[in-house]
Amino acid sequence: MTAAAVADPVFDAFPPPSGDEAPDEAAPEAPAEASSALTASSEAVAVPTTRAPLTAGLLGVLLLALLGGLVLNVMPCVLPVITLKLYGLVEHGDLSPGARRSAGLAYSGGVVASFWALAATVLVARLVFGVQLDWGSQFQYPLYVAALATVVVAFGLSLLGVFEVPVLGAGAVDEAASKEGLVGSFFTGVFATVLATPCSAPFLGTAVAYAFGAPAFELFLVMTAIGVGLAGPFLLIAFVPALYKFLPRPGEWMETLKQLLGFSLLATAVWLCHVLMGQIGEKVSWFLLYLVAVGLGCWVFGRFGGVAATRGRQAGAAAVGVGVAALAAFLFVDLTPAEAECAPSSIEAAALDFSDDIPWVPFSEPLLATLDGRPVFVDFTADWCLTCKANEAAVLDQPDVRRAMADAGIVPLQADWTRSDPVITEWLHRNGRAGVPMYLLLPKDRTQPQIVLPGGHHAGHGHRRRAAGRRRGTEPLLHARSGCSHPWPAPA
């Protein structure tokens, strides 16, 4: 995998600011040693000498949104859910064409409705609370990550046969597809959208960042286009009978695939726990015990409230299962953010060892102030950003890249956005970004503009308005009182 496969290949594909909005100034030539080092390492991190003009209009952004939604279907966070939905089509191969179309529309409705809900949330936060939300920022909150991990574990155990939801498992063929099956298809679309938000697919970053800073009508248009792109393949199969013929015939293999998908969701839960560990620290061990209790609750429901049980028995088993999980949550779950890692007050060049990996140093403005006269590379990343991790593994953390950075004397800083951090958020917005990843090269001469490397979420009108009035150097954007990056806004 290369960075080109995971980073946004389009740079600033939306209209330029107008009126009193200052246009972006051209980036200067990078320091010779830094430019040659990064260019030698990989085309994906080559330093641009100028920023691309803003040429495409709203139609171009909508096209990017549609393509980005399509690409999301093959991203690792969404693929298991899409495969599961296709599995449902194969399982109910004797559904009537009308029932298949209804299931496709219900799934697409769940996807699009979820993106509309996201757009509405962005609008409410912007207009009512004066807060600018960013793509994937909900993963900065431990409660959201913990709730999603709970749902993913329960869903995975269901696929493994630990329990079956009666209203979805009892109704087969046309009746299920026209009634309970439609509800299941709708919420599968919702689930796919929820899992898609930590992914940054090609084409998607530009569209999302444009939408998050655009007027309400354009915001909803772009979110609709992304949803149509994400739902497109399944909708196409549901409406084109010729494509349905290419799906494999039902058989015993389906049960094997279903259980493998269950394990893939459990792997997703492991990743979510890793994200949670970056937010709450060692307390994640107690959260794992809670997830075991969730599994026990699912088993109780499946063992004593299966599809053949009476409604009363099912309700009783469900109450016991939920009670077990709730009790465990009360006893074991503590989502208080852990104390953030503090950046050192200074860095000695000799202490940076690039031999085995990049010696990332936690980013802070006070530390950056001590590095004047030295080229600095800042990696804006997050544990929940799969694109960030793919870029770091496939491009940045490679022997030739490490050697080039060491030869150029570059100091590597890492701005961790796993938790909400107002300083890092402000740096992202200031450099025209609506989220991570972002890669920033600061020249030796801090009077020269900093260079934003290709890739990431390019910000739209709103972010550019805010950036236009801000200072172009590397002076602190907020009044940071320490070298720590706290998970909560610092008091005034």
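Which residue does a disulfide join to C385? Before the answer, a word on the basis of the text: this is a predicted model, in which local features need pLDDT of at least 70 and side-chain atom pairs count only at pLDDT 80 or more, while totals for chains, interfaces and linings use all residues. Residues are numbered from 1 along each chain as its sequence is written, and side-chain values use heavy atoms, with hydrogens and water left out.

The partner of C385 is C388, with the two sulfur atoms 2.3 Å apart. A disulfide here is a pair of cysteine sulfur atoms within 2.5 Å, and by this rule the count comes to one disulfide. The link of C385 and C388 is right-handed, with 80° about the S-S bond. Both of these cysteines are buried, where buried means under 20% relative accessible area, exposed means over 50%, and partly exposed lies in between (1.4 Å probe, protein chains only). Two other cysteines can be placed on this scale as well: C273 counts as buried because its relative accessibility is 9%, and C298 counts as buried because its relative accessibility is 10%.

From this link we can step back to the whole chain. The protein has 492 residues, of which 50% count as buried, and its secondary structure comes to 20 helices and five strands. Helices (H or I, at least four residues) and strands (E, at least two) are DSSP runs, numbered from the N terminus. If a contact is taken as heavy atoms within 4.5 Å, then residues 24 or more positions apart account for 81% of the contacts with a separation of 6 or more.

The five strands form an open sheet in the order β1-β3-β2-β4-β5, with mixed pairing. β1 (361–362) and β5 (451–452) stand at the edges with a single partner strand each, so one side of each is left without a neighbour in the sheet. In general, the strands of a sheet pair through backbone hydrogen bonds, and they do so either parallel or antiparallel. For a pair to be counted here, DSSP must find at least two bridges between the two strands.

Strand β2 (376–381) is a good place to follow this pairing. With β3 it pairs in the parallel sense over six bridges, and F380 has A415 as its bridge partner in β3. With β4, strand β2 runs antiparallel and is joined by five bridges, and there V378 stands opposite L440. The pattern continues outward from L440, whose bridge partner in β5 is V452; β4 (residues 438–442) and β5 run antiparallel and are joined by two bridges.

Is strand β2 enclosed by the rest of the structure, or open to the outside, and why? It is largely enclosed, because six of its six residues are buried. On one side lie V376, V378 and F380, and on the other F377, D379 and T381, all of them buried, so that both faces of β2 are covered. Helix α17 (residues 386–396) lies across β2, β3 (411–416) and β4, and runs at about 140° to β2; axes are lines fitted to C-alpha atoms, for helices over the stretch in contact, and angles run from 0 to 180 degrees between N-to-C directions.

Aromatic rings offer another path through the model. Rings of Phe, Tyr and Trp (its six-membered ring) pair if their centres lie within 6.5 Å, and planes under 30 degrees apart count as stacked, over 60 as edge-to-face and the rest as tilted. The structure holds 15 aromatic pairs. One of them, F186 with F187, is edge-to-face, at 5.4 Å centre to centre and 85° between the planes. F187 is exposed because its relative accessibility is 53%, whereas F186, at 30%, is partly exposed. Another pair, W360 with F377, is tilted, at 6.3 Å and 35°. W360 lies in the loop between α15 (311–332) and β1, and F377 in strand β2, so this pair ties together parts that are 17 residues apart in sequence. F377 is buried, with a relative accessible area of 1%, while W360 is partly exposed at 24%. Elsewhere, F139, Y144, W271, W384 and W417 form one aromatic cluster.
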